[in-house]
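Open the model in your viewer and set it to a cartoon view with side chains available on demand. The stops below say what to select and what is found there.

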Amino acid sequence: MTKFRQCLKSEISLNSLIKATIEILKRYHVDHKLLDSQRPAKNNETNIWNRIARAYFKRTEYKDVINIYSWWKRNTKGYRKFIEDSLPSIPESEEEMQIDDDFKSIDINISKDEVSILKSFILIYDYSSQFNSSFSDFLSEKIQEKGFSCWVSCRSNRFKKRFSQKKKSQYWSGTYQCIVPNCRSIYKCVIDDTERNKRTNHFSNELCIKVTFEKKNDHKKATKVNRCSGYKRQRQSEIVMGNGIVNTIIENTIHNQENQAFLDQKITNRFTLGMMKSALKHFYKISNEAFVDALAAKNLTDQIFSESETHLKGYVQEISLSPFGFLMLSQIQVNIWSSIKKFHSVWYFDATGTIHKKIANQRKPFFYSIVVHDVKNKVFFPFSEFVTTAQDQTSISKYLGLIKNKIQKDMLPDIIVVDMS
Ligand SMILES: [Zn+2]
């Protein structure tokens with residue numbers, strides 16, 4: 001393996017590589033110090049290592065990019081040292097030098113009032129939280145106030161963990177990129193750890209966001225992109241989950257006004273909907289293993305509905321491993337049914353295969369649902385549901401039997417409507 005690597009390396013001529021590197025650094029006005037912080041990125045034409053590799057090999061293959069990067073990292077044949085030693089002498093045009101000096105880094109000072117706005121942008125799932133997309137707009141407005149024309153979107157951002165041992169790491173750091181296709185300038189932002197109130201792990205009253213960037217671009221002033229965020233996004237993801245992506249797109253196109261902000265993202269529309277669906281799907285999931293997830297849900301709901309007056313404990317009732325399946329029924333549903341039953345004593349029973357994820361080495365899980373119709377309030381209501389991977393009479397009648405056993409006899413309906421398809 002080592003021999004093979006050496007063989008690969010020897011294919012590169014040091015002189016030509018140095019020539020290609022210097023040419024690229026000059027052409028894109030990149031400081032060679034940035035080479036250290038940049039890592040190769042697959043399929044990213046603007047990545048500096050991709051550019052150097054393309055200049056040298058006259059083609060873009062990721063293995064070439066990695067190869068050159070490893071030359072740099074290991075200072076093979078003195079490649080790195082040569083670049084570092086020779087670069088300060090590279091002539092740069094007067095103008096660019098000036099821009100570099102003036103704008104290499106800016107401070108954005110956040111007032112006391114604005115700090116409270118900032119707090120509303122934090123996603124709180126746990127201590128390793130981050131700023132949400134609204135912060136990108138906030139930051140964009142701030143950098144435009146400083147005379148920039150870029151509008152940025154987030155590539156990554158993260159708060160330091162509360163009990164982090166890394167003394168040197170920043171309280172918050174993020175990478176933002178201009179949304180204008182020809183610009184794509186990178187803005188690296190940090191909030192220094194000194195800005196953190198260590199006792200509460202919150203911001204101090206006023207703070208400063210340090211923003212560093214490659215160069216100041218002068219394209220037309222970019223403006224905000226409409227986003228589907230917050231409550232609206234949550235609602236939209238529920239709709240996607242229920243109706244599917246294509247149906248939601250059709251629905252949104254018809255009811256254009258209501259979803260105007262969302263539809264404006266024409267290019268990302270389908271993709272965004274897919275992301276939303278997947279995010280919602282995974283948000284409440286504890287484990288990738290359906291059985292573990294079902295068991296965790298059972299333990300959790302057992303605790304929620306365990307008051308003494310309920311006859312039926314919890315929500316997830318029975319879990320079986322193989323064939324996989326579980327039953328969902330709660331006392332609350334039984335109570336609601338008991339009042340609906342007086343006016344419309346019918347169960348509507350049906351199944352679908354699109355709801356539950358596949359279980360490895362088992363047949364397709366079907367989701368069976370008993371829905372009741374509250375004719376007074378004109379709403380449909382799920383009375384009980386179950387999932388099973390065995391679509392046979394034994395399994396289905398087992399679950400229906402369980403439901404029958406768990407409720408009182410007078411709770412059974414007069415009519416059961418079944419789809420015969
Ligand atoms: Zn820009």
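Select strand 6 (residues 186–191) together with strand 9 (residues 207–213): the two pair in the antiparallel sense over five bridges. Strands here are DSSP runs of E of at least two residues, helices are DSSP runs of H or I of at least four, and both are numbered from the N terminus. Two strands count as paired if DSSP finds at least two bridges between them. This is a predicted model, in which local features need pLDDT of at least 70 and side-chain atom pairs count only at pLDDT 80 or more, while totals for chains, interfaces and linings use all residues. Residues are numbered from 1 along each chain as its sequence is written.

Show lysine 188, which stands opposite threonine 212 in strand 9. Then add strand 5 (residues 172–178), which runs antiparallel to strand 6 and is joined to it by six bridges. On that side, serine 173 stands opposite valine 190 of strand 6.

Which side chains of strand 6 are buried? Tyr187, Cys189 and Ile191 point to one face and are buried, while Ile186, Lys188 and Val190 point to the other face and are not. A residue is buried if 20 or more other C-beta atoms lie within 10 Å of its own, exposed if 12 or fewer, and partly exposed in between, with C-beta atoms placed from the backbone. In a regular strand the side chains alternate between the two faces of the sheet.

Stay on strand 9 and pick cysteine 208, which lies in it. Cysteine 208 has 14 other C-beta atoms within 10 Å and is therefore partly exposed. Its contacts, not counting residues up to four places away in sequence, are Asp107, Ile108, Asn109, Ile110 and Glu195; a contact means C-beta atoms, placed from the backbone, within 7 Å. The C-alpha atoms of cysteine 208 and aspartate 107 are separated by 6.3 Å, although the two residues are 101 apart along the chain.

Next, display the open sheet of six strands, in the order 10-11-14-13-12-15, with mixed pairing. Strand 10 (316–320) and strand 15 (415–418) stand at the edges with a single partner strand each, so one side of each has no neighbour in the sheet. Neighbouring strands of this sheet are turned by 20° against each other on average, direction ignored. Within the sheet, strand 12 (residues 346–352) and strand 13 (residues 366–374) run antiparallel and are joined by five bridges. Threonine 352 stands opposite phenylalanine 367 of strand 13.

Add helix 14 (residues 290–304), which packs on the sheet and touches strand 10 and strand 11 (325–328); its direction makes about 155° with that of strand 10. Axes are lines fitted to C-alpha atoms, for helices over the stretch in contact, and angles run from 0 to 180 degrees between N-to-C directions. Helix 15 (residues 331–340) also packs on the sheet, touching strand 13 and strand 14 (379–388), and its direction makes about 135° with that of strand 14.

For the last stop, select helix 10 (residues 230–243) and helix 11 (residues 245–254), which pack at about 125° with their axes 7 Å apart. The two helices are therefore oblique to each other; angles under 35 degrees count as roughly parallel, over 145 as roughly antiparallel, 65 to 115 as roughly perpendicular and the rest as oblique. Show Ile239, Val240 and Asn243 of helix 10, which meet Ile245, Asn247, Thr248 and Glu251 of helix 11.

Note on methods. Two residues are in contact if their C-beta atoms, placed from the backbone, lie within 7 Å.
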